[in-house]
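Reader: Please take one part of this structure and examine it closely. I should like a connected account of its geometry, its burial and its packing.

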Amino acid sequence: MAGFGIGAFLIVPWMMMNNEFAGKPFQLTVIDGGYAVIGCTLIGTVLMAF
């Protein structure tokens with residue numbers, strides 16, 4: 001749960017801000033944000049397993 005929170009509430013807004021300043025399309029933010037949330041959730045799950 002903590003990995004999901006870090007991905008969704010720390011990394012995604014940071015990526016969104018960077019993509020907006022660069023003038024990139026919003027769909028790119030959705031794709032990149034999804035990867036970040038999934039990755040952080042998986043990392044959190046693995047760390048909690050050990």
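Author: The following account concerns helix α2 and its packing against helix α1. The model is a predicted one. Helix α2 comprises 24 residues, 26–49. At 1.5 Å a residue, helix α2 should span 34 Å, and the C-alpha atoms at its ends lie 35 Å apart, which agrees with that expectation.

Burial within helix α2 involves T29, G33, A36, V37, C40 and G44. An α-helix has 3.6 residues a turn, so residues three or four places apart point the same way. The cover over the buried residues of α2 includes α1, residues 2–22.

As for the geometry of this pair, the axes of α1 and α2 come within 8 Å and cross at roughly 155°. Because angles over 145 degrees count as roughly antiparallel, α1 is roughly antiparallel to α2. Their crossing is right-handed.

The contact itself can be described residue by residue. From α1, the participants are G3, F4, G7, A8, I11, V12, M15, M16 and N19. They meet F26, L28, T29, D32, G33, A36, V37, C40 and T41 of α2. By class, this contact of α1 with α2 has 11 nonpolar, six polar and one charged residues.

One further residue of helix α1 deserves mention, namely N18. With a relative accessible area of 40%, N18 is partly exposed, because that class lies between the limits of 20% for buried and 50% for exposed. N18 and T29 are separated by 11 residues in sequence, and their C-alpha atoms are 9.2 Å apart in space. T29 itself is one of the buried residues of α2.

Note on methods
Residues are numbered from 1 along each chain as its sequence is written. This is a predicted model: local features need pLDDT of at least 70, side-chain atom pairs count only at pLDDT 80 or more; totals for chains, interfaces and linings use all residues. Side-chain values use heavy atoms; hydrogens and water are left out. Helices (H or I, at least four residues) and strands (E, at least two) are DSSP runs, numbered from the N terminus. The expected span of a helix is 1.5 Å times one less than its number of residues. Buried means under 20% relative accessible area, exposed over 50%, partly exposed in between (1.4 Å probe, protein chains only). Contact means heavy atoms within 4.5 Å. Axes are lines fitted to C-alpha atoms, for helices over the stretch in contact, and angles run from 0 to 180 degrees between N-to-C directions. Angles under 35 degrees count as roughly parallel, over 145 as roughly antiparallel, 65 to 115 as roughly perpendicular and the rest as oblique. A crossing is left-handed if the near helix is turned anticlockwise from the far one by less than a right angle, and right-handed if clockwise. Ala, Val, Leu, Ile, Met, Phe, Trp, Tyr, Cys and Pro count as nonpolar, Asp, Glu, Lys and Arg as charged, and the others, Gly among them, as polar.
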